[in-house]
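This report goes through one protein model and the ligand bound to it. Please keep the sequence and the structure in view while reading.

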Amino acid sequence: MKSHARVVVIGGGVVGASVLYHLARHGWTDVMLLERDELTSGSTWHAAGGMHTVNGDPNVAKLQKYTIELYKEIEELSGQATGVHITGGVLLAATEARMDWLRGVVAKGRYLGLDLEEISAQEAAELMPLLDPKQFVGAVRNSEDGHLDPSGVTHAYAKAARKLGAEVHRFTKVEDIVRREDGMWRVITGKGEVVAEHVVNAGGLWAREVGRMVGLELPVLAMEHMYLITEDMPEVAEWNAKTGSEIIHAIDFDGELYLRQERGGMLMGTYEKAAKPWSEYQTPWNFGHELLEPDIDRIAPSLEVGFRHFPAFQKTGIKQIINGPFTFAPDGNPLVGPVRGLPGFWVACGVMAGFSQGGGVGLALANWMIDGDPGADIWAMDVARYGDWASMAYTNAKVRENYSRRFSIGFPNEELPAGRPLKTTPIYDLLSAKGAQWGVAYGLEVPLWYAPRGARDKFSWRRSTDFEHVANEAQTVRERVGLMEISSFAKYRVTGKGARDWLDRMLACKLPAPGRMALAPMLKEDGKLIGDFTVANLTDDADRSSSQDWMIFGSGIAEQNHMRWFEKHLPGEGSVNVDARGLSLVGLAIAGPTARKLLETVTRADVSNAAFPFMAIRRMDIGMAPCLVGRVSYTGDLGYEIWMAPEYQRHVFERLMSAGEEFSIGLFGSRALNALRLEKNYGSWAREYRPIYGPLEAGLDRFVAYGKEADFVGKAAALAEREQGGRLRLRSFVVDAVDADVIGDEAIWFEGAVRGWVTSGGYAHHSRKSVAMGYVPREIAEAETGFEIELLGRRLPARIQAMPLFDANFERMRG
Ligand SMILES: Cc1cc2nc3c(=O)[nH]c(=O)nc-3n(C[C@H](O)[C@H](O)[C@H](O)COP(=O)(O)OP(=O)(O)OC[C@H]3O[C@@H](n4cnc5c(N)ncnc54)[C@H](O)[C@@H]3O)c2cc1C
């Protein structure tokens, strides 16, 4: 074993092998994989080997499609059979709600290029002869499902990587990882030491233990998982003889089952409700090629449904039950990427569907390591979507919930209860008493809407019980004044004598003068968006050089992500400090035509339009509490964002609420905010603004200071985008919706073909219009007619709404 390597990949499961292959394929051949045992010695060897293109997140679905298409390539390159059988499959719905969900999957699949088609239950039975069509209301046919040989695939990756120059060392356990002063990693094994520039944790079942070697507690947990294999079945033999092909895959969501042919019988697996974690605190190092004791009682309720839905199983014997562990992150998506605070340490773990996702994970990670960018929108699998709050106990609660709901319908208005409440602000109980219905963002409880006594969300794809109440909240803002808790925003304080120059380089906007704020897109080197902020200049003008003081406000869910980016770009000499304020700074927003009158009654500061205009920011007392107040509002109305230390939040809240009585103040939550921002055509981070869109495409070019002196990150690429015009355009649409509104990821049709996708939407209550925002190719972005948006299986006419539906001239906001 050599003593130095550019990259050491720890773990020879399907994921580590894929990472190794992709690094070598993309030109990094000084790479080495270390495996403590034989390859596949974690969860890989006992996997059922199924693969699917469908995923709740369209970007993960794209990577799944990539993975499945890759097998031919690695088979050819390695000469190792992967055992891939593309059989196709059916996704089955036993209820109308499930069928609505499947229609959404089909609509999404259209713009992803997936071959999905809605079919009847009878048609499904003609494709998959074991199912009883009377048990289902409909289905979707998917031509790309299939299965493979897990060991063959892993070895094919490894052999192909070796052919390209990579090394694979089996029976080489990594005992410890130590960072050297020069930033290189010492990877200490039982067979000696390797010094590496980069280390990849692909430790699968032991990813936590490998993380702990560098002081990292990763939010992953293994769950027991069972599938059974039947004796040979005459129905299977008959079908094989009659058609010359295998029985296709089936996913029976309502039975929580997946099925496929296994030799002359069938394989049936289940994600049972009584989910059971395995090795909750520590994975034993001596675990490897053994299986866990099957527990048929635990899966009996699912099997009962299975035997009813697929009657042939009633007459057949069970040959074997496999019970094995595999890992999950709290939301079920992989954890991939560079770890904040540990330059050169990467993770590729928590991959629960290694044979659908392993290729995409390997590709994204290799791109990221080599080019500095994953090359795809992998927001849903970025390890930085979690912060320290994703503790072991939180992860345990969430993973159990996620496992037991793996095949459940996730309704758009459904909030999952496990692991909550975890983070709350000081006014949590006050807002709860007012009927707050809580959602969660980055672990923090956020009010979604306020329910009168007894009202609750009824989970649905259609407009629900909250509709009229959210409408009232929106009207409160548009007609009087509303108050919203906004502590979930991310807030960063940037100080130090180099702060101004650094911000000028990091942000693409013109920096604001002291006492002012500016909208601030942040770009990557390729000119695509990596942030969308408001930057505030709090520097005292008189003393500019020594005490720079700036704030950045942005999306709370991206805090870890953005801190990783900021820290990567900080100058080494310590002239700039960035501090994520988290909940050490909490906030309240007031908005509406009487917001200024209300503010005047609670402060002695001059907040007249002349003294405190739109985009001004200033410290002032609210009641008795020292606050930072910015005149800005995402509602698009006259409004203020008020920031304070948490110990003052109750005081400020109570002052505003009691002073607000005179103006008939009301509370509003994030659902009303969504309705308000949609009628202003305002996009939001992680929806409209994501790292695959350029500022011109996203309509943020008006905030980019193309001509500023500073050579901001992404400047050359942004200029090129402006020159060439970009490929896409973000547009707002008014949709002829009836009883349901888009939520995101629906297909946008133009003149009979799918040309774009929805990023978000909803009902704009004040304007009384159903609104969608989404991207379409620039060639059709000015078309006045011809658009339709697919919602719940129907194509609804839609029209571009170029001007905001509310306050198109910005008079309310600036007045
Ligand atoms: C019963 C069952 C059925 C499944 N069915 C499917 C399916 O149909 N389709 C699908 O896509 N997925 C399925 N899975 C999930 C699939 O197995 C996992 O997604 C996949 O195996 C994850 O691979 P991995 O490489 O991340 O982890 P692992 O397979 O756990 O690999 C990690 C490797 O790292 C090595 N390692 C760890 N620590 C060290 C160290 N310190 N030094 C050196 N080596 C180390 C381990 O020995 C191991 O070989 C199933 C899982 C189970 C349990």
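A polar contact is a pair of N or O atoms within 3.5 Å; within protein, one atom must be able to donate a hydrogen and the other to accept it, and residues adjacent in sequence count only if both atoms are side-chain atoms. One such contact is made by lysine 398, whose side chain reaches the backbone oxygen of alanine 418 at 2.8 Å.

The model is predicted, so local features need pLDDT of at least 70 and side-chain atom pairs count only at pLDDT 80 or more, while totals for chains, interfaces and linings use all residues. Residues are numbered from 1 along each chain as its sequence is written, and side-chain values use heavy atoms, with hydrogens and water left out.

## The ligand and its shell

There are 39 residues around the ligand, and Glu35, Arg36, Thr44, Gly50 and Val351 come nearest. A residue is near the ligand if one of its heavy atoms lies within 4 Å of it. The shell divides into 19 nonpolar, 17 polar and three charged residues. In this division Ala, Val, Leu, Ile, Met, Phe, Trp, Tyr, Cys and Pro count as nonpolar, Asp, Glu, Lys and Arg as charged, and the others, Gly among them, as polar.

Helix H1 (14–25), strand S13 (221–230), strand S18 (318–328) and helix H9 (354–371) each supply at least two residues of the shell. Helices (H or I, at least four residues) and strands (E, at least two) are DSSP runs, numbered from the N terminus.

The table lists polar contacts to oxygen atoms of the ligand.

| Residue | Part of the residue | Distance to a ligand oxygen |
|---|---|---|
| Arginine 36 | polar side-chain atom | 2.7 Å |
| Glycine 42 | backbone N or O atom | 3.4 Å |
| Threonine 44 | side-chain N or O atom | 2.5 Å |

How much of the ligand's accessible area does the protein cover? On its own the ligand has 1,000 Å² of accessible area, and the protein covers 98% of that. Accessible areas come from the Shrake-Rupley method with a 1.4 Å probe; for residues, only the protein chains shown count as cover.

## Two helices

Helix H1 has 12 residues, which at 1.5 Å a residue should span 16 Å, and its end C-alpha atoms are indeed 16 Å apart. The expected span is 1.5 Å times one less than the number of residues. H1 is mostly covered, with 11 of its 12 residues buried. Buried means under 20% relative accessible area, exposed means over 50%, and partly exposed lies in between (1.4 Å probe, protein chains only). Among the buried residues of H1 are Val14, Ser18, Tyr21 and His22. Just after H1, glycine 27 takes a positive phi of about 105°.

Helix H8 (residues 296–309) has 14 residues and reaches 18 Å from its first C-alpha to its last, close to the expected 20 Å. H8 also has a kink of about 40°, centred on serine 302. The bend at a residue is the angle between axes fitted to the seven residues ending there and the seven starting there. Serine 302 is one of the buried residues of H8, which also include Arg298, Leu303 and His309.

## Backbone exceptions

Most residues other than glycine have a negative phi, and most peptide bonds are trans. Threonine 40 has a positive phi, near 70°. Its place is in the loop between strand S2 (31–34) and strand S3 (50–51).

Arginine 263 has a positive phi of about 50° although it is not a glycine. This arginine lies in the loop between strand S15 (257–262) and strand S16 (265–270). Which of these two residues is buried, and which is exposed? Threonine 40 is buried, with a relative accessible area of 4%, whereas arginine 263 counts as exposed because its relative accessibility is 69%.

A cis peptide bond joins arginine 420 and proline 421, with omega about -10°. Proline 421 is found in the loop between H10 and helix H11 (428–433).

## Other buried side chains

Lysine 398, introduced above, lies in helix H10 (residues 392–404). Lysine 398 counts as buried because its relative accessible area is 11%.

Phenylalanine 612 is in the loop between helix H15 (595–602) and strand S30 (617–622), and at 0% relative accessibility it is buried. Tyrosine 442 is found in the loop between strand S21 (436–441) and strand S22 (444–450). Tyrosine 442 is buried as well, with a relative accessible area of 12%.
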